[in-house]
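Dear colleague,

Please find below the structure for your consideration. A short account of what was found in it comes after.

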Amino acid sequence: MEEIFDFFYRELRKTGLLFQRYLMDEIDWDNRLSAITGARGTGKTTMILQHIKKTFGNSPREALYVSLDHIWFSGNRLFDLANAFEKQGGKYLFLDEVHKYENWSREVKNIYDNFSNLKVVITGSSMLQIYKGNADLSRRAVHYVLQGLSFREYLKYDQHIEFEKISLDSLLQNHIEIAGEINEQIRPMPLFDSYLKQGYYPYYKENKQFYWSKLANTVNLILETDLPSVETIEMFSIRKIKKLLWIISQSVPFTPKITELSANLGVSRNSLLNYLTILERGGLINLLQTKAKGLNSLAKPEKIYLNNANQIYAFNSDKPNIGNLRETFFLNQLRAVSKVTSADKADFTVADKYIFEVGGKNKGHEQIVGTENAYLALDNIEYGYANKIPLWMFGMLY
């Protein structure tokens, strides 16, 4: 185990504490078993190491972090590591990249059942379904999902300016006052534009010049590495999924013609709908369902979007459609905090209650006239009025 601790301590000492993600304070780290999933690149590993460093210091003995793609596990079992660690007085075990370890769910279940004094945190791909695999962990694990950076977090990370997160109800009721407080400190529009281009994944700071190239490479890793480690899937299907993602990226947002898409890809209707679900779980697209179909993973979606605005620029950096950018941003940010489905006459229904139409500053009320709890989310304005709310403010929800 010495090499495991050596690797852990070196990673811990490299970890800074200046910027911490929103989910850090929402996790109950004393759960017996916690599962944290999220798309590749959203910062799960950094968040875990920051928590350990804040709580236990730089060289703890009662906490241990391991990445399950470490070569040490080529010849050693996870259960044996947990057994040895617990006997040495270990209390907190953090298991990163669990989807890279064969039969991970069975061994995590055995650790949970055999070491009642050990608190375990696992992290994995957003494709990971903790109720699948050789052991159903859904009744044992408390599940958390880490999203990419919100616009609020981006301001803290990039500009070192921190604003409190705003609940949706508070935003709808008090947006003029809140906008005033924010506008006293920043000019939001140019920063919002930068965020839409480069700001959703924390690694954008590493090299902004090559960020979109790295993002495209991240997409490949999700499909070629993460997907096969979570699902039993052939390379033939992965090629089909890649082609599907490319078709979507050039067409979004659009109402899919399932029969036409199936014929284009040469797959069945059910296979196509399953591919769409896989892409959504991987953090690559968002499927907008009707209210009636919201719980059916194999229902035909009303519209398909890329997951976030940064992906739009990665796939088509020349002239992204501004309407697509706006709707993609709104859906991405609202889905992190609430249920979002399609609306009959407007763009979105949120929390089965609020109706939103998204557009530019000159967008009119025509599509929401006479509709209760209806709002306009408008781009290129710093302040709103009545039911007109600046689009960028919906990035302050988490």
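The paragraphs below describe a pocket, a surface patch and several salt bridges in this model, which is predicted.

The second largest pocket holds about 860 Å³ of space. Its lining consists of 36 residues, and those nearest the centre are Gly41, Gly43, Lys44, Thr45 and Thr46. Helix H1 (2–14), helix H2 (44–56), strand S4 (119–125) and helix H8 (211–230) each give two or more residues to this lining. By character, the lining residues comprise nine nonpolar, 16 polar and eleven charged.

On the surface, Ile176, Tyr383 and Tyr385 make a nonpolar patch of about 360 Å². Ile176 belongs to helix H6 (residues 168–183) and is partly exposed, because its relative accessibility is 43%.

The salt bridges come to 23. In one of them, Lys14 pairs with Glu11 at 3.0 Å, N to O. These two residues stand three apart in helix H1, so about one helical turn separates them. Lys14 is exposed, at 62% relative accessibility, whereas Glu11 is buried, at 19%.

A further salt bridge joins Glu382 to Arg187, with the closest N and O atoms 2.8 Å apart. This pair links distant parts of the chain, 195 residues apart: Glu382 is in the loop between strand S11 (374–378) and strand S12 (388–390), and Arg187 is in the loop between H6 and helix H7 (188–197). Glu382 is partly exposed, at 21% relative accessibility, while Arg187 is exposed, at 56%. Finally, Asp69, Glu97 and Lys100 form one network through salt bridges that share partners.

With kind regards

Methods:
Residues are numbered from 1 along each chain as its sequence is written. This is a predicted model: local features need pLDDT of at least 70, side-chain atom pairs count only at pLDDT 80 or more; totals for chains, interfaces and linings use all residues. Side-chain values use heavy atoms; hydrogens and water are left out. On a 1 Å grid over the protein atoms alone, a cavity is a set of points where a 1.4 Å probe fits but cannot get out, and a pocket is an open set with protein on both sides within 12 Å along at least five of seven lines; lining residues have an atom within 4 Å of a point. Grid points are joined across faces, edges and corners, and a volume is the space filled by probe spheres set on the points. Helices (H or I, at least four residues) and strands (E, at least two) are DSSP runs, numbered from the N terminus. Ala, Val, Leu, Ile, Met, Phe, Trp, Tyr, Cys and Pro count as nonpolar, Asp, Glu, Lys and Arg as charged, and the others, Gly among them, as polar. Patches are made of residues with over 30% relative accessible area and no salt bridge: like charges are joined within 9 Å, nonpolar side chains (Val, Leu, Ile, Met, Phe, Trp, Tyr) within 5 Å. Accessible areas come from the Shrake-Rupley method with a 1.4 Å probe; for residues, only the protein chains shown count as cover. A salt bridge is a side-chain nitrogen of Lys or Arg within 4 Å of a carboxyl oxygen of Asp or Glu. Buried means under 20% relative accessible area, exposed over 50%, partly exposed in between (1.4 Å probe, protein chains only).
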